[in-house]
Amino acid sequence: MSLLDVAAIKADFPIFAKKMRNEARLVYLDSGATSQKPEQVLAAERSFYSEHNAAVHRGSHLLAEEASLAYEGAREIVARFINGQVDEVVFTKSATESINLIAYSFSNTNKGSFALTAGDEILVSEMEHHANLIPWQQLARRTGATLKWFGTTSDGRLDLSAIDDLISERTKIVAITHQSNVLGTINPIAEIAHRAHLVGAIVVLDACQSVPHFAVDVADLGVDFIAFSGHKMLGPTGIGVLWGRAALLAEMEPFLYGGSMIESVTMESATWAPAPRKFEAGVPNMAQAVGLGAAITYLEKIGMREIHEHESTLTAYALAGLSTIKGLQIIGPLDAIDRGGVISFAIDEIHPHDVGQVLDQYGIAVRTGHHCAWPLMRKFGVSGTTRASFYLYNDLSDIDALVDGITATQKYFKV
Amino acid sequence: MELDSLYQEVILDHYKHPLHKGLSSQMSVQVHHVNPSCGDEITLNLLLDGGVVQDVTWDGVGCSISQASSSIMSDLVHGKRVEEALTILESFSELMASKGSQQGDEAVLEDAVALAGVSKFPARVKCALLGWMAFKDAVLQAESK
Ligand SMILES: Cc1ncc(COP(=O)(O)O)c(C=O)c1O
């Protein structure tokens, strides 16, 4: 039940000084979409541009050297944070790009671990974000492979009852989310990865909603790739990570071709630099990578364990508070076990868009709609939900504000 | 409260008691439109005869703004000549693009002027236009048949 010193944390985030509509304070409950940024991250980006800016890995001058050190330093910070090897960390622009990168690598070759043909199967789940669904749908379309998926149970857990049929010798890829961005459910990844590896499948983890919120250790998760975005973990937009096992990255075909990713080039052909460089064509998002490094340093200073405990306390408190509201249904697990700080709900007779609009009058920022998980909405028979998501800068008073705001919304719409 | 300019009483009435909701079996064309940013959907049946909108019925899910706007639209164009219906639509689109600077001509738009406040909320303009754009599409399709 430990809580962080939220007042001190908030003081690091300039945006909390902003006055919202009707002079209300900002109650930011939309970190699942993107997180706010502390001064330390803004300062790191600014200092990169004002003191070290140059194209990394090019040029022989002092600035190029400093820029390269800063960029590679960020890679080391990321690697340490997830307990991977430095050369296993590929910088991309986002988790979306990371997942597309793997999917395209599968159709850029027809040999080895990344060969995929008709009759092969790709396994996802019904609770995937579109970013971890559509790249695989399209890969299946390009190669003739078949897309299969785990369902979800009515209480918002992954339905593993058909796992024996779903994971077979035909399964080549299992791509699954660590934590649902809609339901908050944390999935049993180690078990799924173990089963997938027994049949030789490659396991891709969408870690967008897990890496920012609790300690993720790639050495003991047992997966082959993880993808996440910097902007959901206090970092800048435009920087994402793909971590992959060294042996697989060595075998994997590049996805984007161009400068910086080559070993040697003639007019007819080219060969590739070793990973991670072969996946980072062009001048990368350098200041953003440095900003992500600063974000991780900030998170580590507070402690991922502490952050997770803090969010668990908030989640349990919110689940209890929301369940006192008549006409409100939580969509997702009702208990705080194996569940992160993301709570979706529906309110009788009020559309999510209208809920969000009224909450906005009180300075409360929530997400409304399908959350890029349209198939999951269909499964639960709703067109969308209202979603509150928590992070280290939220406290119990934010949740009280949410509960009061919802009650006020019901009163406004006379339901 | 600023909110009251968005949720006028007329809008909430149409939301709770929408007009022409429920699809009729007689139609010239059926169209289906979605708002990809929020997942709202509308199916609209249009019966066009002799250049006159004989019937517009619709069904769908959406927020109060999209539901009320579809209700108001369907009632407004009912029985109108196509050109007149399209003129009303033009005038409504212009009101929605006005960023709060226009009140709307009540003689043309009738109940739809209650939606004027929506134009101050950029994220909601699409909600208000969902039904109208479905109607426009249905007219184009019916006429090219
Ligand atoms: C679970 C999950 N996967 C993938 C993504 C895509 O992340 P990005 O848009 O940063 O690429 C998100 C972001 O909303 C997410 O929540």
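These legends go with four close-up views of a predicted model.

**View 1. The largest cavity in the model holds about 50 Å³.** It's one of two cavities of 30 Å³ or more that turn up in the count. Around the largest cavity you'll find A:Val56, A:His57, A:Tyr71, A:Ser260, A:Arg277, A:Glu280, A:Gly282 and A:Pro284. Sorted by class, that lining is a mix: three nonpolar, three polar and two charged residues.

**View 2. The second largest cavity sits between two domains of chain A.** Its volume is about 40 Å³. Why is it placed between them? Domain 1 (6–30 + 304–412) and domain 2 (42–300) both contribute lining residues, so the cavity lies between the two. Among the residues to look for are A:Gln179, A:His213, A:Phe214, A:His308, A:Glu311 and A:Arg339. Seven of the lining residues are polar, two are nonpolar and two are charged.

**View 3. Chain A meets chain B over a buried area of about 1,800 Å².** Carbon and sulfur atoms account for 52% of that area. On the chain A side, A:His353, A:Gln357 and A:Tyr412 are the ones to watch: they supply 30% of what chain A buries against chain B, more than any other three residues. In total, 19 residues from chain A and 26 residues from chain B take part in the contact.

**View 4. One salt bridge crosses the interface of chain A and chain B.** Its partners are A:Asp354 and B:Arg124, whose closest N and O atoms are 2.9 Å apart. How many residue pairs are in polar contact between chain A and chain B? The count is 11, with both residues at pLDDT 80 or more.

Conventions: Residues are numbered from 1 along each chain as its sequence is written. Chains are lettered from A and ligands numbered from 1 in the order in which they are written. This is a predicted model: local features need pLDDT of at least 70, side-chain atom pairs count only at pLDDT 80 or more; totals for chains, interfaces and linings use all residues. Side-chain values use heavy atoms; hydrogens and water are left out. On a 1 Å grid over the protein atoms alone, a cavity is a set of points where a 1.4 Å probe fits but cannot get out, and a pocket is an open set with protein on both sides within 12 Å along at least five of seven lines; lining residues have an atom within 4 Å of a point. Grid points are joined across faces, edges and corners, and a volume is the space filled by probe spheres set on the points. Ala, Val, Leu, Ile, Met, Phe, Trp, Tyr, Cys and Pro count as nonpolar, Asp, Glu, Lys and Arg as charged, and the others, Gly among them, as polar. Domain bounds come from an automatic or database domain assignment. Contact means heavy atoms within 4.5 Å. Buried area is the accessible area (1.4 Å probe) that two parts lose on being put together, summed over both. A salt bridge is a side-chain nitrogen of Lys or Arg within 4 Å of a carboxyl oxygen of Asp or Glu. A polar contact is a pair of N or O atoms within 3.5 Å; within protein, one must be able to donate a hydrogen and the other to accept it, and residues adjacent in sequence count only if both atoms are side-chain atoms.
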